[in-house]
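Okay, thanks everyone, I'll keep this short. Let me put the sequence and the structure up, and then we'll walk through the binding site together.

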Amino acid sequence: MTLPMVVPAQDLPARVRIHEVGARDGLQNEKSVVPTEVKAEFVHRLAAAGLTTIEATSFVHPKWVPQLADAEALFPLLGDLDGVALPVLVPNERGLDRALALGARRIAVFASATESFAKANLNRTVDESLAMFEPVVTRAKERKAHVRGYLSMCFGDPWEGAVPVHQVVRVAKALVDMGCDELSLGDTIGVATPAHVQTLLAELNEEGVPTSSIGVHFHDTYGQALSNTLAALQHGVSTVDASAGGLGGCPYAKSATGNLATEDLVWMLQGLGIDTGVDLGLLTATSVWMAGRLGRPSPSRTVRALSHQES
Ligand code: HMG
Ligand code: MG
């Protein structure tokens, strides 16, 4: 089979917007630096496969993430992608200036629910990092840019263990109050389970954060990413982050492995009769091509199953 049989489920969103993070979350974690033109081709192929939100790169300190130090060279190579949103990560005003100078229209700041990860990832406390983001969000909104607020370690932290829901909600609210248009709840180390996801979503709703403004960002370390996604869909979430071929991780979080693979997600959504606009064959071919460039097979079960069938 190359496509699942469609058996729709009750009370799930009719359409899901996939926020593709392979070119950023995926490639930031590669040991080798992928050449700029390969990254550009990757993004073009993802767009050709029907993805409409493709996170392109990060304007962070090049010494912190050398894999994405070519942001200035890459971003202009994507200028021909009409109708495709190309969000970029910016941690501070310096990053925002760099992104705006190239015409970026969507930016993402990235906060942490825990002090340990805020320090490791941003060299700041949680509150210092929120203070760093405040002028970034204000200035981006003045320029009518769309702002996503990532929140990492929402379900567990490699240094601190379990993360209380109220601790996550406090930082999430701060991002929303600051003016973020969208919140992405990150399970950076992949430890979440379905009821934990639904509890956090319900708590955010209680505090006035609508489900329509929330996306979910699962890593698949413990094989829970799809179950957690289904739990979020049942709660009404319709924005799901995923990474083509299951590339990914975070260089500043011990034990963060690959993201939820976009192909695995699309297989489930197609089977549920949920529209994504993605051509699974083209997407799989892209991940097989990228795996060839990286010199190792994709960890995605769906990529492996479909590409074995093709060979
Ligand atoms: P810092 O060392 O505290 O920087 O790092 P600083 O503010 O003290 O500045 C030091 C120097 O860096 C200055 O230069 C700045 O201009 C320069 P100098 O005056 O000394 O010559 N600088 C910059 N240069 C270029 N671009 C910039 C920039 N900022 C400062 N943007 C900083 C603080 C935030 C910069 C650093 O910690 C950093 O870049 N961190 C990024 C880490 C990162 O990208 N992590 C991965 C993304 S998060 C993630 O993957 C999780 C997610 O997927 C969700 C999930 O799974 O949970 C989103
Ligand atoms: Mg991530």
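**The metal and ligand site**

Let's begin with a histidine: His-219 is buried, at a relative accessible area of just 2%. One quick caveat before I go on: what you're looking at is a predicted model.

So what is His-219 doing at the metal? Its NE2 is one of the protein donors of the magnesium ion, ligand 2, together with NE2 of His-217 and an OD oxygen of Asp-25. Those donors lie 2.1 to 2.4 Å from the ion. His-217 is buried as well, since its relative accessibility is 5% and the cut-off is under 20%. If you want to find the site in the sequence, look for the spacing D-x191-H-x1-H.

Now hold on to Asp-25, because I'm coming back to that residue. A polar atom of the Asp-25 side chain is also 3.1 Å from an oxygen of ligand 1. And the Asp-25 side chain has a polar contact with the side chain of Gln-28, again at 3.1 Å. Where does Gln-28 sit? In the loop that runs between helix 1 and helix 2. Gln-28 is a buried residue, with 7% relative accessible area.

On to ligand 1 itself. Which residues come nearest? Out of 27 around ligand 1, they are His-61, Asn-92, Asn-121, Ser-152 and Thr-188. Two of these I'd like to zoom in on. The Asn-92 side chain puts an N or O atom 2.8 Å from a nitrogen of ligand 1. With Ser-152, a polar side-chain atom is 2.6 Å from a ligand 1 oxygen. As for cover, ligand 1 on its own has 1,100 Å² of accessible area, and the protein covers 75% of that.

Which elements give two or more residues to this shell? Helix 1, helix 4, helix 5 and strand 6. Helix 4 has the largest share, with three residues. By residue type, the shell has 11 nonpolar, 11 polar and five charged residues.

Last stop, Pro-164, in the loop between strand 6 and helix 7. Buried or partly exposed? Pro-164 is partly exposed, at 34% relative accessible area. From the C-alpha of Pro-164 to that of Val-16 it's 28 Å, and the two are 148 residues apart along the chain.

Okay, that's my tour. Over to you.

Terms used: Residues are numbered from 1 along each chain as its sequence is written. Chains are lettered from A and ligands numbered from 1 in the order in which they are written. This is a predicted model: local features need pLDDT of at least 70, side-chain atom pairs count only at pLDDT 80 or more; totals for chains, interfaces and linings use all residues. Side-chain values use heavy atoms; hydrogens and water are left out. Donors are N, O and S atoms within 2.8 Å of the metal (3.2 Å for Na, K and Ca); water is not among the atoms, so sites may look incomplete. Buried means under 20% relative accessible area, exposed over 50%, partly exposed in between (1.4 Å probe, protein chains only). A residue is near a molecule or strand if one of its heavy atoms lies within 4 Å of it. A polar contact is a pair of N or O atoms within 3.5 Å; within protein, one must be able to donate a hydrogen and the other to accept it, and residues adjacent in sequence count only if both atoms are side-chain atoms. Accessible areas come from the Shrake-Rupley method with a 1.4 Å probe; for residues, only the protein chains shown count as cover. Helices (H or I, at least four residues) and strands (E, at least two) are DSSP runs, numbered from the N terminus. Ala, Val, Leu, Ile, Met, Phe, Trp, Tyr, Cys and Pro count as nonpolar, Asp, Glu, Lys and Arg as charged, and the others, Gly among them, as polar.
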